[in-house]
Amino acid sequence: MTLADDVRAGSRRAVREALNLVESERAADLAAAAELVDALAGSPREGARIVGLTGPPGVGKSTLAGALVRAWRGDGLTVGVVAVDPSSRRSGGAFLGDRARIDRPPGDDGVFVRSMAARDRLGGLAPGAFAGALVLRAAYDRVLVETVGVGQSETDVATVADATAVVVQPASGDVLQFIKAGLMELDGVLVVNKADLGAIARRSLRDLRVALGLLGRPEVPLVLASAHTGDGVDALARALDAARPGRPGPRAPAPRAARRARGRPRDRAPRHARHRRPRRARRRPRARHRAPRRRRP
Amino acid sequence: MTSRDKPDRPWLIRTYSGHSSAAASNALYRENLARGQTGLSVAFDLPTQTGYDADAPEALGEVGKVGVPIGALPDMETLFDGIPLSRMNTSMTINATAPWLLALYVAAAERQGADRRDLLGTTQNDLVKEFLSRGTYMLPPEASLRLQTDVIAFTVRELPKWNPVNVCSYHLQEAGATPVLEVSYALANALTLLDAVRAREDVDAALFPEVAGRISFFVNAGIRFVTEMVKLRVMGDLWDELLQDRYGVADPRLRRFRYGVQVNSLGLTEQQPENNVYRIALEMLGVVLSKRARARAVQLPAWNEALGLPRPWDQQWSLRLQQIMAFETDLLEHDDLFDGSSAVTALEEELAADVRREMAWIEAEGGVIAAVASGAMKERLVVANAERLARIERGEQKVVGVNCFEESAPSPLAGGDGGGADQILVVDAGAGAEQIARLEAHRVQRNKNDVAAALQALRDAAKSGASVMEPSIRAAHAGVTTGEWGAVMREVFGEYRAPTGLGAVVTTPDGSAPGGLEAARAAVRRASDALGRRLKLLVGKPGLDGHSNGAEQIAVRARDAGMEVVYEGIRLTPAQIALAAEEEGVHVVGLSILSGSHLELVPAVLAALRARDLADVPLVVGGIIPEADRPALLALGVARVFTPSDFDLNAIMTAIAEVAAASAAAA
Ligand code: B12
Ligand SMILES: Nc1nc2c(ncn2[C@@H]2O[C@H](COP(=O)(O)OP(=O)(O)O)[C@@H](O)[C@H]2O)c(=O)[nH]1
Ligand SMILES: [Mg+2]
């Protein structure tokens, strides 16, 4: 059995080694990583989906990831998670703490959480995140990719995800910013988290609905949720599962996926962005493209 | 300054103690009382503090270690056997399970025939500092606040002499807080609590000033004793002002700032531990010198604080210090020595202004509960601690025996083998098993129906918002266990994991020497090259140990040395640590253990790693590891052991990088 076969068979050891491999920067590993990702990208687990989770820092993405994991586990689905945290510019090191928010019953091996540092991709996705998501998709029913939430990461994640949840903070101005930033073009679901804050969360939801109407995008699913109480999380899980039904997995063909697994992280996002944006623009002429604002310079 | 004929009464002289079993601790208390100690201060073991039974998987290695295990009412009765509770003043360091331990205390007193109204003592019952520093929380912040006020409302009605809360600043300083952070956080915490009490319907508004008057504090006093004395004078003034302005408490006696103290232990050293005796004496001056701001109760650590648990003789040595201070010196014969000093007044004004600013910041963060849940307050503590450690590494903050005057003649106190088990208390290895046996026997002999009914009543009260106190007392009489009580609370309110405080703003201050961060970074780069990707370290805290300082600072420095660091916070099971090591693909697992349970927990983590096919991932261990135990850990396969003597964090980083590089070479 090859490593790819073992990953498909759901071996946790194989998944660990495959993720280590696609994160490796050793010259000798690059070819093997490319081959592995090519093999796995072409054979997702039946019905598996990659879901992006994006939004500014502190909005509750990791907590929501935990809630979604619970919801999907409740449906009997297995879940892989790639959680990306920023790297320190000074040292290149990173704190990877998101996994603490994803708690699960002791002994539950139906979940696999890998944290990745964004490395030199300031604000973007981690170099191994694309490839990591493709690895996990071969072994798990749902794959969540949580972004850092600044810079390029929103559009980055859309290049690999079947659906993306854009999470906004009630009464923060995020709502307008996100619309302006062109995030409406993502194939996704808009989530107002922290519904437990009450009136301000509900008002943000109303504002968003009005704004979507004005932008001519009333069909974008809108969910009010609380990662803390769990309210709305099932609805979110269902909306994510339903988003753009029938769409094949990541449209990136296998060779491109392989290229992703290789080095040169700096070039990567712009290339994807270039590739993707014209297609989107053609499909939705009204949408405008602007770089998402940087929350914390 | 006038000298008077009759000296003031001294503070309450206490020793914080308890270990192994209720019977052993009872013997210790009786001895201490016979030696002239005037009150009891009970240390509970970690399972009791976090609501687990002795045989729960979470309790592995912790039963009877750092305090006395209290599993059910018979243990509480044994603990106070022959000690009349109607006349004793008992301080209990208990927080998440405070409603339960108070319920057991009341039930034990009732069985002694005591009147509830005579009970005198203190439950610490401060959860905010548990989230920020001490780590024995169970439930989310809001639910914790509610249970805290259940205790207050109950004692106001039933135990009028009881101090229901001890708002703690002590633990904040132990987690690195500066005086400004210590005072502002504690005062903001106290106000949050009083606001919550005021909002309760079952607390008579007319009684509110009495409630405010029952709030006492538990503070710290560090080696900079002039600053500390000023701090306590300021705290007293601000408390008086806040109670008057915010709550309109008219009676000045009810606005008095009443506090107990444990002096600073964070600064007590493993190197030349005999010097700690001087440090303790100087630290005590800060809380007794100024009559206007004198402590009501004092407990002192022992000379061997950084080595392990104190033996009775070690505690006696510290007790004698208090007695010499109170009875040999002329301290208690004078009025306040500092009122009217312009130097002291200037320091007071500066500190008070800073404290007000800091309290306004907490307000702007949404108040204490929000700033605890978001990690904002914790983050500031971690930053302050990182700065403190960097000052010591740079030699800017002098610590005798650590970064200056390090040479020493051989010490007769070092023990026969040059620093081993004969310097500290070694808890009887059988204590855990004996406690489990007692618990099992207890479970069999109680009435099952009574237990089930009592638990149901407790659950109903917790769910409905009614006070849990009377149902808890009934549960105590019915024979409910600590773990059963905790399980009901967890079921109703949910388990909580507090933020770690590690975020982008925490960085290693520039120029941390010796060794240099650059050298560590180079070692990390070399290791990363050998490994093929950036060195990834898992910092794990197994067991119920809440000592997070070391793990946090190791994580901060590791990140700044260029490692990718996975840290999920305190209180993980060995299985959770192995799971994280597997999923994260880490190169090194580093455990931090200060609870004394390393000989149980390290093998358990190694077994859990093996079970996940990770036998080849190197393990390093840090914390309070007695020299005598080092060989045992190395023999188990631990790659390196670090203790407080390894204060050069950059050198630790280099060592971890070398361990990782060696494992890459071996693979
Ligand atoms: C500060 C402190 C506290 C603080 C902790 C604050 C916090 N958030 O960390 C507070 C006040 C809350 C506290 C509480 C308690 N404490 Co305390 N505490 C200490 C004290 C004074 C210092 C520890 C410390 O923070 N040092 C500073 C840090 C940076 O050093 P460090 O952790 O040792 O780490 C260094 C090395 O060990 C190593 N290292 C550590 N971890 C790791 C991990 C890795 C991966 C690596 C590479 C290296 C490494 O590197 C660090 C750099 O030098 C020690 C005594 C002492 N002086 O050491 C007692 C001590 C640890 N506490 C003790 C006890 C008993 C308690 C309590 C259990 C008491 C009780 N019964 O309630 C409580 C409960 C705590 C709990 N929930 O577990 C005992 C433990 C006894 C034992 N092991 O047998 C000690 C030894 C005191 C004593 N002599 O009795 N404590
Ligand atoms: N009130 C409330 N707070 C939440 C909710 N979800 C997350 N939070 C809090 O928001 C903060 C940031 O959460 P986190 O998941 O780390 O956000 P991320 O940075 O987007 O991943 C934490 O303090 C969470 O406890 C929610 O549904 N309600
Ligand atoms: Mg996050």
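## Helix α21(B) and the site of ligand 1

In this predicted model, the buried residues of α21(B) are B:Asn549, B:Ala551, B:Glu552, B:Gln553, B:Ile554, B:Ala555, B:Val556, B:Arg557, B:Ala558, B:Arg559 and B:Asp560. The helix is thus mostly covered, with 11 of its 12 residues buried. Its length fits its residue count: because 12 residues at 1.5 Å a residue should span 16 Å, the 16 Å between the end C-alpha atoms agrees with expectation. After α21(B) comes B:Gly562, which has a positive phi, near 105°.

The loop between β11 (536-540) and α21 (549-560) of chain B holds B:His547. Through NE2, B:His547 is the single protein donor to the cobalt atom of ligand 1, at 2.1 Å.

Backbone atoms of chain B also approach ligand 1, as tabulated here.

| Backbone of residue | Atom of ligand 1 | Distance |
|---|---|---|
| B:Gly546 | oxygen | 2.7 Å |
| B:Gly596 | nitrogen | 3.2 Å |
| B:Ser265 | nitrogen | 3.3 Å |

Elements of chain B that contribute two or more residues to the shell around ligand 1 are α2 (46-50), α5 (128-134), α7 (170-174), α21, β13 (588-593), β14 (619-623) and α25 (649-666). In total, 44 residues surround the ligand, and the closest are B:Ser133, B:Glu305, B:Gly308, B:Gly546 and B:His547. By class, the shell has 21 nonpolar, 18 polar and five charged residues. Domain 1 (13-407) and domain 2 (507-666) of chain B each supply at least three residues to the shell.

How values were computed:
Residues numbered from 1 in each chain as written. Chains lettered and ligands numbered in written order. Predicted model: local features only at pLDDT ≥ 70, side-chain atom pairs only at ≥ 80, totals over all residues. Heavy atoms only, no water. Donors = N, O, S within 2.8 Å, 3.2 Å for Na, K, Ca; no water. Helix = DSSP H or I, 4+ residues; strand = E, 2+ residues; numbered from the N terminus. Near = heavy atom within 4 Å. Polar contact = N/O pair within 3.5 Å; in protein donor to acceptor, adjacent residues only side chain to side chain. Nonpolar A, V, L, I, M, F, W, Y, C, P; charged D, E, K, R; others polar. Domains from an automatic or database assignment. Expected span 1.5 Å × (residues − 1). Buried < 20%, exposed > 50% of the residue type's maximum accessible area, 1.4 Å probe, protein only.
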